[in-house]
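Student: Could we go through the aromatic rings of this model together, and could you show how each label is reached?

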Amino acid sequence: MSSIDQFRAGLDATTLQIVDRLRQIIRAAHPDLSERIKWNAPSFALGDTDLITLGLERRGGVRVVLHRGAKPKDVAGFEFSDPAGLATWPAPDRGVIVFHGVEDVEARREGLEDLFARWLRQPPR
């Protein structure tokens with residue numbers, strides 16, 4: 001059993017639905033993405049740089065974190081727009097979105113497809 005399968009096996013039905021739908025949308029956003037377990041959850045990378053990571057919220061729900069790898073990078077000159085306001089941005093290069101049901105994911109699916117695809121086109125610098 002893969003580490004992704006092991007992670008999935010430990011989830012309740014609602015969380016599993018959210019995680020699996022987000023994984024589908026993220027994987028479709030870039031043909032060269034690899035997926036692995038990092039930071040105890042699915043993480044998606046281009047090469048060796050993790051760029052989108054899922055996480056489980058303590059009070060229920062699933063979080064998506066858009067980032068530029070494990071180590072902080074200089075944000076000078078880094079710009080990324082989120083015109084739909086899907087994420088909260090605690091830093092210019094770190095976006096967080098929380099979902100509490102698969103219907104929440106589906107309601108924002110088109111915006112997420114665009115956001116993830118554009119995020120993955122950004123060089124990590």
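**The ring cluster**

Tutor: In this predicted model, ring pairs join Phe 78, Phe 80, Trp 89 and Trp 119 into a cluster. The structure holds 4 aromatic pairs.

Student: Why is the pair of Phe 78 and Trp 119 called edge-to-face?

Tutor: The centres of Phe 78 and Trp 119 are 6.0 Å apart and the planes stand at 75°; a pair needs centres within 6.5 Å and the edge-to-face label needs planes over 60 degrees apart, so both conditions are met.

Student: What makes this pair a tie between parts of the chain?

Tutor: Phe 78 lies in the loop between strand 4 (62-66) and strand 5 (88-91), whereas Trp 119 belongs to helix 4 (residues 109-121), so the pair ties together parts that are 41 residues apart in sequence.

Student: Why are the rings of Phe 80 and Trp 89 described as tilted?

Tutor: Their centres are 5.8 Å apart and their planes meet at 45°, and because stacked requires under 30 degrees and edge-to-face over 60, this pair is tilted.

Student: How do you know which of these residues are buried or partly exposed?

Tutor: Buried means under 20% relative accessible area, so Phe 78 at 7% is buried, as are Trp 119 at 1% and Phe 80 at 16%. Trp 89, at 28%, counts as partly exposed, because 28% falls between the 20% and 50% limits.

Student: Which charged residue lies over the face of Phe 78?

Tutor: Arg 68 does, at 4.2 Å from the ring centre, and Lys 38 lies over the face of Trp 39 at 4.9 Å.

Terms used
Residues are numbered from 1 along each chain as its sequence is written. This is a predicted model: local features need pLDDT of at least 70, side-chain atom pairs count only at pLDDT 80 or more; totals for chains, interfaces and linings use all residues. Side-chain values use heavy atoms; hydrogens and water are left out. Helices (H or I, at least four residues) and strands (E, at least two) are DSSP runs, numbered from the N terminus. Buried means under 20% relative accessible area, exposed over 50%, partly exposed in between (1.4 Å probe, protein chains only). A charge sits over a ring if NZ of Lys or CZ of Arg is within 6 Å of the ring centre and within 35 degrees of the ring normal.
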